[in-house]
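Work through the exercises below with the structure open beside you. Try each task before reading its solution.

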Amino acid sequence: MIDVILKKGKEKAVHQRHPWVFSGAIDRVKGKPANGDIVRLVNAGGDFMAYGFYNDQSRVALRLLEWDENKAVDETWFRTRVAEAVDGRKNILSTGETNTCRLIFSEADYLPGLIVDRYADHLAVQVLTSGMERMMPVVIDELRKLLNPKSIFDKSDASSRQHEGMDTENVVLFGDNPPESVEVTENGVRYNINIAEGQKSGFYCDQRDNRRIVAAHAKGKKVLDCFSYTGGFTLNALYNGATSVTSVDSSALAIETLKENIKLNKLDASKHRAIQSDVNKQLRAFKETGETFDIIVLDPPKYAPSRSALDRASRAYKDLNRIGMLLLNKGGLLATFSCSGAMDLETFKQVLAWAALDASKQVQFIGQFCQPEDHPVRSSFPEGEYLKGLLCRVF
Ligand code: SAH
């Protein structure tokens, strides 16, 4: 195994078990590891620090796996990590409330670059590091042993793979092509999921708990669900007795699937209006016509892909929330989210305070949202915490 020597003064994060070593922290490499090889990280004095995946194409040149020198990072090591991650989701899957969840969440489950989502009997996988790509035969074999899925489909995200110098292929890794639509249940709501064509791996199961919390306020209310995708918040609100729900999303496929999901759940279509539009435009159109709502959900895509984009993203979040606040009836609720890892909850609260000032509104934070237990945050990897939200009462 090839030794990679860490620069002096860069030991702290490794000791704290942070799984990333940036290329700038590496002093030299003894030999020529191939990308995806497992190497030994040693300090300047040559003492062992950790084993990790090597990739000289990535800013994160090493993704650390194991800090105990005596533990071999072999096939059994990977099988054990996969089994532990799957075991950690038994609680969610055993309630009968849902048959879709994230089974493996990359670094948070000690498997850097591997994401596995379960949709009933089908699995969607994202492989984002060259090291993980090499281990896929073992991972697939273990997933089959543990879960006996009908299919395993690769839905790797192109831009993340590019960072590692890898091409993107969406291919069937096991079984048949996943059917065009797979039916799943979550919070008692049914969804058709298009694994091959849908966004990300097909469904945003990270909002499971938050959909339920928001819907608990929806009885007798007029709801606006912005960035609705295939209807997570919309369907939960209709189930819980909302008098009407308006869903806005720019994606035609999302809106079409959402309408099918209304039928699938035998919900009253006359209480639902779907608008395919840019949310910012649509909110301004509501402002013009004077239409208002009792509850507004704002669940935009990631505005801040990195810390350097935070200032610009903060302004975008502020503008979106300001106009959202202006469309609420007095005492109405704003359920607002940010899935940008670079934006922490405190900063998000400041953005909301800023939006409230600009809108001349009073805002009370009455609840906080976070990512659910199948998207764990590893204590040594705070970067894995990305989803946050606030439930606000607006006067
Ligand atoms: N709330 C959804 C998930 C939202 S994901 C759920 O519970 O499942 C973000 C969504 O925003 C995607 O569906 C995407 O199509 C949509 N989107 C992105 N930019 C948009 C824009 N400017 N206007 C409207 N929709 C947008």
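The exercises below concern a predicted model.

**Exercise 1. Compare the span of helix α8 with the span expected for a helix of 13 residues.**

Step 1. Helix α8 covers residues 252-264.
Step 2. The expected span is 1.5 Å times one less than the number of residues, and for α8 this gives 18 Å.
Step 3. From the first C-alpha to the last, α8 reaches 18 Å, close to the expected value.

**Exercise 2. Find the buried residues of α8 and the elements they pack against.**

Step 1. A residue is buried if its relative accessible area is under 20%.
Step 2. In α8 the residues A254, I255, T257, L258, N261, I262 and L264 are buried.
Step 3. An α-helix has 3.6 residues a turn, so residues three or four places apart point the same way.
Step 4. The partners of the buried residues of α8 include the strands β12 (182-186), β13 (189-193) and β15 (244-249). Helix α7 (232-239) and strand β16 (272-276) are also among them.

**Exercise 3. Describe what is found at the start of α8 and just after it.**

Step 1. At the start, a side-chain oxygen of S251 comes to within 3.4 Å of the backbone nitrogen of L253.
Step 2. After the helix comes K266, with a positive phi near 50°.

**Exercise 4. Which strands stand at the edges of the sheet β7-β8-β9-β10-β11, and why is one side of each left without a neighbour?**

Step 1. The five strands form an open sheet in the order given, with mixed pairing.
Step 2. The edge strands are β7 (100-105) and β11 (172-175). Each has a single partner strand, so one of its sides has no neighbour in the sheet.
Step 3. On average, neighbouring strands of this sheet are turned by 15° against each other, direction ignored.
Step 4. At the β11 edge, β10 (residues 151-154) pairs with β11 in the antiparallel sense over three bridges. The bridge partner of I152 in β11 is F174.
Step 5. Helix α4 (residues 130-147) packs on this sheet, and its direction makes about 160° with that of β9.

**Exercise 5. Are S106 and Y110 buried or partly exposed?**

Step 1. Both S106 and Y110 are found in the loop between β7 and β8.
Step 2. S106 has 8% relative accessibility, so S106 counts as buried.
Step 3. Y110 has 39% relative accessibility and therefore counts as partly exposed.
Step 4. Phi is positive in S106, near 50°, and in Y110, near 65°. Most residues other than glycine have a negative phi.

Notes
Residues numbered from 1 in each chain as written. Predicted model: local features only at pLDDT ≥ 70, side-chain atom pairs only at ≥ 80, totals over all residues. Heavy atoms only, no water. Helix = DSSP H or I, 4+ residues; strand = E, 2+ residues; numbered from the N terminus. Buried < 20%, exposed > 50% of the residue type's maximum accessible area, 1.4 Å probe, protein only. Contact = heavy atoms within 4.5 Å. Polar contact = N/O pair within 3.5 Å; in protein donor to acceptor, adjacent residues only side chain to side chain. Pairing = 2+ DSSP bridges. Axes fitted to C-alpha atoms, helices over the stretch in contact; angles between N-to-C directions.
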